Amino acid sequence: MSEFYIKNNVLRSALLDTAGIVHGFSTRLGGTSALEYTKSMNLAFGRGDKDEVVIENRRLFAAAVGYDPARLVTADQIHSDIAVYADGSVSSFPGADALVTDVPGVAVGVKTADCQPILFSDPEAGIVAACHAGWRGTVAAIAEKTVCEMVRRGADRKRILAALGPCIGKCCFEVKDDFIDAVRAADPSLLRFIDSYHADLSGMNEYILARAGIAPEHVAVCLDCTCCDGGLYYSHRRQRGVRGTMMSVICITTGSPV
Ligand SMILES: [Zn+2]
């Protein structure tokens with residue numbers, strides 16, 4: 001299944017919907033940022049918007065998705081392969097790139113602008129995760145490490161659903177020899193996803209999840225390229241670093257699915 005659709009300016013996965021999971025991938029739409037390069041739904045501090053603008057955007061995004069912004073948990077995202085468990089007692093984790101929770105109401109989120117956000121759920125176990133997979137994290141198999149942490153908390157990989165959100169596409173992800181050398185050193189099986197000096201980040205993560213035992217019918221892949229679609233997404237590459245940031249969030253609710 002690969003259907004993604006936009007509702008209330010938020011990109012959603014039909015696959016996660018079927019399990020009644022509160023989740024969303026933000027777009028540029030529906031926020032209050034007025035700067036040319038952050039308009040309008042920048043969700044990260046320190047990118048040019050005043051803090052109160054970001055706080056308001058986070059409130060609007062949370063309302064559109066259906067979680068409590070006061071219970072959002074994020075990570076510092078250091079391009080690592082580290083997945084941590086979040087019980088909601090702290091709102092930010094230094095030194096991690098994926099967050100796993102089984103606490104209803106705790107919303108786990110990752111920030112991206114070309115890197116790939118991946119949202120996971122085992123609906124039966126009541127376990128969700130959000131993963132930030134840039135190329136370094138991807139080749140270090142952060143997606144698989146996230147699955148392992150979910151399983152350690154009681155999830156079953158036969159049930160785990162994964163939605164791979166919008167990232168830079170192979171069309172725009174031109175790489176150099178040092179990138180190829182780093183992939184070869186980390187995981188040579190991923191070299192097949194580099195072709196004519198263009199890398200397929202999403203393809204790598206899809207392959208890593210299949211290798212980790214996630215069924216293909218439990219994986220949804222968004223085909224949008226963040227670099228190509230400037231109307232819908234921020235892109236670090238297209239905007240040469242002067243850009244807003246998107247956020248992808250997932251949350252277990254105690255009530256009925258929205
Ligand atoms: Zn592209």
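**Overall fold, central sheet and local backbone features**

Of the contacts in the chain with a separation of 6 or more, 62% are between residues 24 or more positions apart. The model is predicted. It contains six helices and 15 strands. The radius of gyration is 17 Å, close to the 18 Å given by the globule rule for 258 residues, so the chain is as compact as a globular protein of that length. Taken along the principal axes, the box filled by the C-alpha atoms is roughly 45 × 45 × 35 Å. Half of the chain is buried, in that buried residues account for 50% of the 258 residues.

An open sheet is built from seven strands in the order 1-2-3-15-8-4-6, with mixed pairing. Its edges are strand 1 (4–7) and strand 6 (92–93), each of which pairs on one side only. Within the sheet, strand 3 and strand 15 run antiparallel and are joined by four bridges. Across this pair, F25 stands opposite S248 of strand 15. Helix 2 packs on the sheet, where it touches strand 2, strand 3 and strand 15. The direction of helix 2 makes about 135 degrees with that of strand 3.

Helix 2 comprises the 15 residues 51–65. At 1.5 Å a residue, a span of 21 Å is expected for helix 2, and its end C-alpha atoms are 21 Å apart, which agrees. The buried residues of helix 2 are V54, N57, R58, L60, F61, A62 and V65. These buried positions pack against strand 2 (10–13), strand 3 (22–26) and strand 15 (246–251). The list of buried residues in helix 2 includes N57 and R58 as well as L60 and F61. After helix 2 comes G66, with a positive phi near 110 degrees.

A glycine with positive phi also occurs just after helix 6, where G213 has a value of about 95 degrees. Helix 6 itself covers residues 201–211. Its buried residues are L201, S202, M204, N205, E206, I208 and L209.

Positive phi values are also found at residues other than glycine. N8 has a phi of about 50 degrees and is located in the loop between strand 1 and strand 2. This loop therefore follows an edge strand of the sheet, strand 1 being paired on one side only. With 14 other C-beta atoms within 10 Å, N8 is partly exposed, since a residue counts as buried at 20 or more such atoms and as exposed at 12 or fewer. Q77 likewise is not a glycine and has a positive phi, of about 60 degrees. The loop that holds Q77 lies between strand 4 (72–75) and strand 5 (83–85). Q77 has 19 C-beta neighbours inside 10 Å and counts as partly exposed, because the cut-off for a buried residue is 20 or more.

One further backbone feature concerns the peptide bond between K39 and S40, which is cis, with omega about 0 degrees. S40 belongs to the loop between strand 3 and helix 2. Both elements that flank this loop take part in the packing described above, as helix 2 touches strand 3 on the sheet.

Conventions
Residues are numbered from 1 along each chain as its sequence is written. This is a predicted model: local features need pLDDT of at least 70, side-chain atom pairs count only at pLDDT 80 or more; totals for chains, interfaces and linings use all residues. Helices (H or I, at least four residues) and strands (E, at least two) are DSSP runs, numbered from the N terminus. The expected span of a helix is 1.5 Å times one less than its number of residues. Two residues are in contact if their C-beta atoms, placed from the backbone, lie within 7 Å. Two strands pair if DSSP finds at least two bridges between them. Axes are lines fitted to C-alpha atoms, for helices over the stretch in contact, and angles run from 0 to 180 degrees between N-to-C directions. The radius of gyration is taken over C-alpha atoms; the globule rule is 2.2 Å times the number of residues to the power 0.38.
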